[in-house]
Amino acid sequence: MKRGVYFLAARSIAFFVVICGFWGTANATVEPLELRAGRIETTVEGVTREGLVALPYNWDRQHLGKAGFATFDLPFTLDTAPESPWGIFIPRTGNVFEVRLNGALLQVYGNLDRGNGPDYAKAPIYMAVPGRLLHAGDNLLQVRIRADSGRRGGLSVVTLGPAVPVRTQLFETAYAWRFTGSVLLMAFSLIVGGIALSLWLTQVDTSVPGGRREGLYLWAALAEFCWALRVADGVVVEPPMSWGPWGVLMALCYAGWVASAMMFCYHLADWARHARTRWARWAMAAIVLGTLVFSWLSMATDKPAWLTRWLAVEIAMVVVFVASFTVATLRRPQTGSLLVMLAALATVAFGTRDWIVIRLSDSYGETTWVRYSSVFFGVALLLIVLQRFRAASAEARGWVTTLAARVAEREQELESTYGKLEKVAREQARTHERERILRDMHDGVGSHISAAIRQLQSGQASDAEVLRTLRDSLDQLKLSIDSIHLPPGDVGALLAGMRYRMTPRFKASGIALEWAVDDVASVAGLDGQAMRQVQLLLFEAISNVLQHSGASTLRLEAAMHGAVLRLHVIDNGCGFDAAQVPRSLGQRAAALGVALLLESRPGRTVVSLEFIG
């Protein structure tokens, strides 16, 4: 029994060991293979050559920029045939190419029979490899390329291995840096350029006649837009034009970015005010013009060395400019200038490195670093904009505070002045009112009293006539006092006051008063003086009735007829010649600008006045 148990336990342990061994073998990590050596066959200008090759292979350096074809045979050996899918990662190759594995065509990128078309060397390549195409022992990977002049054709080190690590650890990282990174850099440059352009369009210095825009922002916008287009070339596999014009355009975008960035620094350092620093503008113009000439010459002659040599001259000019800008910044350090200085130094360092590695060395597969220096420049620009905005905001707040204080001072001064003017106006109004009262008393009351004195002195007037003259004087005095409180234009209040003052006279004279006054609207244009004239005009008309008409009834009518106010003083006295308008009545009516109508016959006399309300 014990032997059976021991035997069963031993078998279980053995089975567990076998399973663990199988599991470990199945999950053992297979390191990717790097294919660095093989054979090459090149065809340039109809001449074919064969030989050994060590990757990376820089076509432009090996063939001095001439176009041609190359076939790379890259052998490798596997101990066992893989059962899972594998993958191939090529950091850079092209410009167009095809890949074969053990005689089977894996992928074709572009047309090898047509040159200066698409450029697949701009992005890293990943190709899935079915496991059935690989076998234990010797294998052969074949890459055939067509390289155009000056387009960085060639073949980098090729990596072959299990699909998951090759794709996730190698390809996706390289793709993020080169392709996705280019897209993000392009978007960043477009955003910064848009901000700078909007600032240039909106920020106008109104203190200068005609207004002046800040050139600093314009050059920043041009620099960012040029760089956005230049970086966009890294994601454009098929350019919208043939390689020659497109290559010249890309070189000009690079030069435009350099010159515009230099002009940005030129304005930031305020060198435009100094004649000794205006040489920098000629250097910037020379950079753009020289790039146009030498890039075209390089494309036309299929000799990239022309552009390589010019780039060396361009870098030298930029180094001199950046050194001058650095010295000027360190003499008068400011936050914005220091940030731009650091970005410029980093750009020069990156550009020099790229010129050496990309244009001079035999390395292939390396990417440019200078594209990332635009981020430093953009960040410096945004910080400068933020700094200037904060300074402008602080200055604006100071202006607002100062303006508010000045407005408060002016308000106090105006309030004091207005108080003085108001006091003077009140005093003048009182003086004018006193003068009017005195004048009315002199013209009205004084004249009546003078008339009474003359009547007494003549000895011919009866006591009744003298008494009537004195009563007229007293009534006019009362009306003059009432006129002080009359609201402007309120003819109804004026008539009511006259009724109150004149009713005792009517009773004493035996005249019945008929009151036919409706609610009347206020008459515009009748100020205090005009109201006094209306009062005197009506008083004179009524006084004539009392003194001369011998009437027994006096009727006073007032009514609105549309916008016209009509007044009628009607009596049943003896009448008079209506053609002879009493002088005082005519003068007062003319002074008021009202229509005066007279109608008179024995038993009915009408004095009519019309006011436009």
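**Figure 1. Helices H12 and H13 of the predicted model cross in a left-handed sense.** In this view of the predicted model, the axes of H12 and H13 are 10 Å apart and the two helices pack at an angle of about 155°. That angle makes H12 roughly antiparallel to H13, because angles over 145 degrees are counted in this way. From H12, the contact draws on Ala-530, Gln-533, Val-534, Leu-536, Leu-537, Glu-540, Ala-541 and Asn-544, which meet Ser-584, Leu-585, Arg-588, Ala-589 and Leu-592 of H13.

**Figure 2. Helix H13 (residues 583-592) is shown with its buried residues and its exposed residues.** The buried residues of H13 are Leu-585, Ala-589 and Leu-592. Viewed down the axis of H13, these buried residues fall within an arc of 65°, so they line one face of the helix. An α-helix has 3.6 residues a turn, so residues three or four places apart point the same way. The buried residues of H13 pack against helix H12 (528-549) and against E19, whereas the face turned away from the buried side carries the exposed residues Arg-583, Ala-590 and Ala-591. Gly-593 follows H13 and has a positive phi, near 75°.

**Figure 3. Strands E19 and E20 form a hairpin, and E20 also pairs with E18.** Strand E19 (residues 595-601) pairs with strand E20 (residues 604-612) in the antiparallel sense over seven bridges. Within this pairing, Leu-598 stands opposite Val-607 in E20, and Leu-597 stands opposite Ser-608 in E20. Two residues lie between the strands of the hairpin, and Gly-603 in the turn has a positive phi of about 95°. Strand E18 (residues 564-571) pairs with E20 over eight bridges, again in the antiparallel sense, and Asp-571 stands opposite Thr-605 in E20. E19 can also be related to the preceding view, since the buried residues of H13 pack against E19 as well as against H12.

**Figure 4. Four strands make up an open sheet in the order E1-E13-E6-E10.** The pairing in this open sheet is antiparallel, and its edge strands are strand E1 (33-35) and strand E10 (125-129), each of which pairs on one side only. From one strand to the next, the twist averages 20°. E1 is joined by three bridges to strand E13 (residues 158-162), and these two strands run antiparallel. The bridge partner of Leu-35 in E13 is Val-158.

**Figure 5. Helices H4 and H5 pack with a left-handed crossing.** The axes of helix H4 (residues 215-232) and H5 come within 8 Å and cross at roughly 155°; H4 and H5 are therefore roughly antiparallel to each other. The residues of H4 that take part are Gly-215, Leu-216, Trp-219, Ala-220, Leu-222, Ala-223, Cys-226, Trp-227, Leu-229 and Arg-230, and they meet Met-250, Cys-253, Tyr-254, Gly-256, Trp-257, Ser-260, Ala-261, Met-263, Phe-264, His-267 and Leu-268 in H5.

**Figure 6. Helix H5 also packs against helix H8.** Here helix H5 (residues 243-268) and helix H8 (residues 335-360) meet at an angle of about 155°, with their axes 11 Å apart, which makes H5 roughly antiparallel to H8. The contact is made by Trp-257, Phe-264, Cys-265 and Leu-268 of H5 together with Gly-336, Ser-337, Val-340 and Thr-347 of H8. The crossing of H5 and H8 is left-handed. Trp-257, Phe-264 and Leu-268 are among the residues of H5 that also meet H4.

**Figure 7. Ser-189 in helix H3 is shown with its contacts.** Ser-189 is found in helix H3 (residues 163-202) and has a relative accessible area of 0%, so it is buried. Leaving aside residues up to four places away in sequence, Ser-189 touches Glu-224, Trp-227, Ala-228 and Ser-374. Of these, Trp-227 also appears among the H4 residues that meet H5.

**Figure 8. An overall view places the close-ups in the protein.** The secondary structure of the protein comes to 13 helices and 20 strands, and buried residues make up 39% of its 613 residues. Among contacts between residues at least 6 apart in sequence, 73% join residues at least 24 apart.

Key
Residues numbered from 1 in each chain as written. Predicted model: local features only at pLDDT ≥ 70, side-chain atom pairs only at ≥ 80, totals over all residues. Heavy atoms only, no water. Buried < 20%, exposed > 50% of the residue type's maximum accessible area, 1.4 Å probe, protein only. Contact = heavy atoms within 4.5 Å. Pairing = 2+ DSSP bridges. Axes fitted to C-alpha atoms, helices over the stretch in contact; angles between N-to-C directions. Arc of directions from axis to C-beta. Parallel < 35°, antiparallel > 145°, perpendicular 65-115°, else oblique. Left-handed = near helix turned anticlockwise from the far one by under 90°.
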